[in-house]
Amino acid sequence: MAAARSWVNPVLWVLALVLINALWSNVSRQDAPNEVNGIDRFETYRDLTVAPVFGSEEAMPATFQTSFTSSSLEQANVSFAIKKDNLSVIHSWSGLLTDTPPEWSGTLEPGTYTVVTEVEQGVDVEQVLLLQPFDSIRLQGHAVLSVLLVVLAFAEQGVRAFVSARTQGAEQKAKKEVAPFKRTSFSRDDANVPEDDASPWRPPLTPSQEIRE
């Protein structure tokens, strides 16, 4: 049984290491949607803040999706642009209402961005910015989680060894304890006492013995 546990425990920790890294890889690639403009809430100038994750200044993957619709117009001019600090243009597009705006994909560094959208009256706009914030620290996350899992594995082995040592020590101490009942020792004089005198039953005395006493 002990030999079986000697290889089962490391295998379980290896599987846990693979599983936790696979989960983190999946989480780091998840998209976080940020609504820029909606049908009921539209602004020509919309400011966005891309915040750093755990202090990391690395650029993170981003996707910008736009759709233009209208229930009253058959054709109209539409356009949008993404600017960093309202100066440098990251992406821009202009066309007609019947055109399909392209989906922009790239990376955005932490900072402030402005989305400038220009449409004619009666045009509805839906814009969504998808960010993968944890992708910028994906490698660091793999390293940290792996180190923490290894530390936890060694800590678990240390706790097992400590508990085992305490248990063995308690068992040895219990064996060394003196029994509560002791054997009574008799002296040699007590051993020589005749059995007749030690017995509570004595034969009756003769008349001569009674006079002597």
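The overall fold, the surface, the interior and the salt bridges of a predicted model are described here.

The chain comprises 5 helices and 8 strands. Their order from the N terminus is α-β-β-β-β-β-β-β-β-α-α-α-α. One helix thus precedes the run of strands, and the other helices follow it. Contacts reach far along the sequence. Among those between residues at least 6 apart, 77% join residues at least 24 apart.

Of the 213 residues, 24% are classed as buried. The accessible surface of the chain amounts to about 15,700 Å². Carbon and sulfur atoms contribute 58% of that area.

A nonpolar patch lies on the surface. It consists of Trp-7, Val-8, Val-11, Leu-12 and Leu-15. Together these residues present about 480 Å² of accessible area. Trp-7 belongs to helix α1, which spans residues 2–28. The relative accessible area of Trp-7 is 54%. Trp-7 therefore counts as exposed, the class that begins over 50%.

In the interior, the search returned 1 cavity of 30 Å³ or more. The largest cavity has a volume of about 30 Å³. Its lining is formed by Leu-48, Phe-64, Ile-82, Leu-108, Tyr-113, Val-115 and Leu-129.

Charged side chains were examined next. Side chains of opposite charge can pair when their charged atoms come close. The structure contains 4 salt bridges.

One of them links Lys-84 to Glu-109, with the closest N and O atoms 3.2 Å apart. Lys-84 sits in strand β4 (residues 77–84). Glu-109 occupies the loop between β6 (104–108) and β7 (111–119). The pair therefore ties together parts that lie 25 residues apart in sequence. Glu-109 is partly exposed, at a relative accessible area of 43%.

Another salt bridge joins the side chains of Arg-41 and Glu-35, at an N to O distance of 3.6 Å. Both partners are partly exposed. The relative accessible area is 38% for Arg-41 and 48% for Glu-35. Neither residue counts as buried, because that class requires a value under 20%.

A further salt bridge is made by the side chains of Asp-135 and Arg-138, at 3.3 Å from N to O. Arg-138 has a relative accessibility of 23%. Arg-138 is therefore partly exposed, since the buried class ends at 20%.

Technical notes: Residues are numbered from 1 along each chain as its sequence is written. This is a predicted model: local features need pLDDT of at least 70, side-chain atom pairs count only at pLDDT 80 or more; totals for chains, interfaces and linings use all residues. Side-chain values use heavy atoms; hydrogens and water are left out. Patches are made of residues with over 30% relative accessible area and no salt bridge: like charges are joined within 9 Å, nonpolar side chains (Val, Leu, Ile, Met, Phe, Trp, Tyr) within 5 Å. Accessible areas come from the Shrake-Rupley method with a 1.4 Å probe; for residues, only the protein chains shown count as cover. Helices (H or I, at least four residues) and strands (E, at least two) are DSSP runs, numbered from the N terminus. Buried means under 20% relative accessible area, exposed over 50%, partly exposed in between (1.4 Å probe, protein chains only). Contact means heavy atoms within 4.5 Å. On a 1 Å grid over the protein atoms alone, a cavity is a set of points where a 1.4 Å probe fits but cannot get out, and a pocket is an open set with protein on both sides within 12 Å along at least five of seven lines; lining residues have an atom within 4 Å of a point. Grid points are joined across faces, edges and corners, and a volume is the space filled by probe spheres set on the points.
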